[in-house]
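The exercises below are meant to be worked with the sequence and the coordinates side by side. Try each task before reading its solution.

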Amino acid sequence: MRPSSYIIHVPLSDTDTVLLFHGYSGAVDLVSSRIAALLLDPSASNGKFKRSLTAETLNHLIERGYLTAKSAQSEQAYVMALGMRVHAVMRKHASPGFLVIPTYSCNLRCTYCYEKDLQARESSWLERRMSNDMIQALFEAMERVDLSARRQKCLTFYGGEPLQESNRTVVRLLHEKACERGFRQFSAITNAVDLHHYTDILGQDKGISFLQVTMDGPPSVHDARRRLADGGGTFERVARNIDLAFMKGTRVSVRVNVDRENADQVQWLEDFFQRRGWTQRPLFRAYCSPVHGDVCGNQRVDGFASHQKMCQAIRGDAKGCRSTEEAPHFQIDPVTYAVQKRILAHLSQEQDLPFWRTAFCGSNMAMYLFDPFGDIYPCWEVIGHPEHRIGQYGPGLLEVDSKAVHRWHHRSVVRIPACRSCPYLFFCGGGCEALALRSTGDSNQPSCSEFPKHFGEAALKAYREWTIRHDKKTSLTGS
Ligand code: SF4
Ligand code: SF4
């Protein structure tokens, strides 16, 4: 018998206790720090466990998976087989994520543009729009890629800027054809500057029911960062158009792209959301996302290496910011918040099994992005780069590169050698594949992005919330 290699320890600072999570059994327990220390000791022997623990506690630790008879090697082999099986089941039930890029062009010139390499290309490439023939071919390709008729059909508009005024004809045609083919849910990642030209296709009933829109601070800050091609500001138009979206019943998730230039403006935005009445709307949420430090064109962006660093800067600059604690409508740290909610659901037994995350995102499940040139991509981080495409479509054409599809869609956490021995693996999913590719050139490398730190913080918050809800600070299991 030895301590499992998949135990996560989260000490509760105000007591002599430790929260234990087991990485694959789903067990969560509160134990004394003496027991936790014993489980941290890789050399602890059977005899030591028997001498140090009551028979009841010993049996409990074995049943919950913290003590195992498996060697480290066979435990890892077990985890690998388990991860492959769970990922296969999840893929089987996952609805494919279909995203369509009507054009790569954009009406804004953001200082930190995420697509700066694409937006710097010649205008003839950027201005290419999806033709009617390509739209027809697109839906035929989607039907052949996804053979399951019973699945919920969802389509997301992506770009460039998909909902710019000059895309009206092509987006309407895409929407109309999608409705004819049984698509019922639509969403868009948009800067919302021209959204007022699309009100007729907004809404819950076969309309665009979800939008992700970016706001970066007060008008002076937002307008300097997210300006029109002619240099004009966009804040007022975006705010008005978000109001319009709410009137049509469309959900809006406001993303705040944060670097050192606007970290101290997050509080202003939170107050603005409240003054505008958005925080009272169930259709509204907002969250922060770090802009990574880089050079955009000639401009140096003073960004953050991680979510954690961004949160520290926001919290340091905006002491007392309400969002730093519980604020479901505005998450400064959406990574921690998402893990916290999952742990809380598990503690509250809203789900019997833990919500295993065998992969980081839809790109590792069943995501397909279709661009106006006939290329199919697995992830929005690699669009416009044919070396990363997973197929091609066009009138009378559908070619899928099955090797490339397999590499993306089967990248489960257990396929990443460095993740196989990590106790966080089924909470983390192995991190972003595109990030791994960019930073190491190898998609089968982990992208930890400080996940263990997020997990520790999330576990403490979830436990605190759980004890408040249940009004009991006793142990979860009595061990
Ligand atoms: S809206 Fe998006 S694509 Fe357009 S310039 Fe800004 S970051 Fe780039
Ligand atoms: S990416 Fe890092 S934290 Fe996540 S499972 Fe892999 S090794 Fe663990």
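Two strands are said to pair if DSSP finds at least two bridges between them, and the elements themselves are DSSP runs numbered from the N terminus, with helices being H or I runs of at least four residues and strands E runs of at least two. This is a predicted model, in which local features need pLDDT of at least 70 and side-chain atom pairs count only at pLDDT 80 or more, while totals for chains, interfaces and linings use all residues. Residues are numbered from 1 along each chain as its sequence is written, chains are lettered from A and ligands numbered from 1 in the order in which they are written, and side-chain values use heavy atoms, with hydrogens and water left out.

**Exercise 1. Determine the strand order of the open sheet and describe how its strands pair.**

Step 1. Three strands make up this open sheet, in the order β2-β3-β4, and their pairing is antiparallel. β2 and β4 are the edge strands, each pairing on one side only.

Step 2. β2 (residues 7–12) is joined to β3 by six bridges in the antiparallel sense, with proline 11 standing opposite valine 18 of β3. The two strands form a hairpin that has four residues between them.

Step 3. β3 and β4 (residues 28–32) run antiparallel and are joined by five bridges; here phenylalanine 21 stands opposite valine 28, and leucine 20 opposite aspartate 29. Five residues lie between the strands of this hairpin, where glycine 26 takes a positive phi near 90 degrees.

Step 4. β3 (residues 17–22) is mostly covered, since five of its six residues are buried, a term that means under 20% relative accessible area, as against over 50% for exposed and in between for partly exposed (1.4 Å probe, protein chains only).

**Exercise 2. Describe how the axes of α13 and α17 cross, and which residues make the contact.**

Step 1. The axes of α13 (residues 334–347) and α17 (residues 451–470) come within 8 Å and cross at roughly 45 degrees; axes are lines fitted to C-alpha atoms, for helices over the stretch in contact, and angles run from 0 to 180 degrees between N-to-C directions.

Step 2. The two helices are therefore oblique to each other, given that angles under 35 degrees count as roughly parallel, over 145 as roughly antiparallel, 65 to 115 as roughly perpendicular and the rest as oblique.

Step 3. With contact meaning heavy atoms within 4.5 Å, the residues involved include Val335, Val339 and Leu347 of α13 and Phe451, Ala458 and Trp466 of α17.

**Exercise 3. Decide whether cysteine 419 and threonine 234 are buried or exposed, and list their contacts beyond the sequence neighbours within four places.**

Step 1. Cysteine 419 is placed in the loop between α14 (402–409) and α15 (425–428), and it counts as buried because its relative accessibility is 7%.

Step 2. Apart from its neighbours within four places in sequence, cysteine 419 is in contact with Val413, Leu425, Gly430 and Pro446. The C-alpha atoms of cysteine 419 and glycine 391, which are 28 residues apart along the chain, are separated by 29 Å.

Step 3. Threonine 234 lies in the loop between α9 (219–225) and α10 (235–247), and at 1% relative accessibility this residue also counts as buried. Leaving aside neighbours within four places in sequence, threonine 234 has contacts that include Leu108, Val193, His222 and Asp223.
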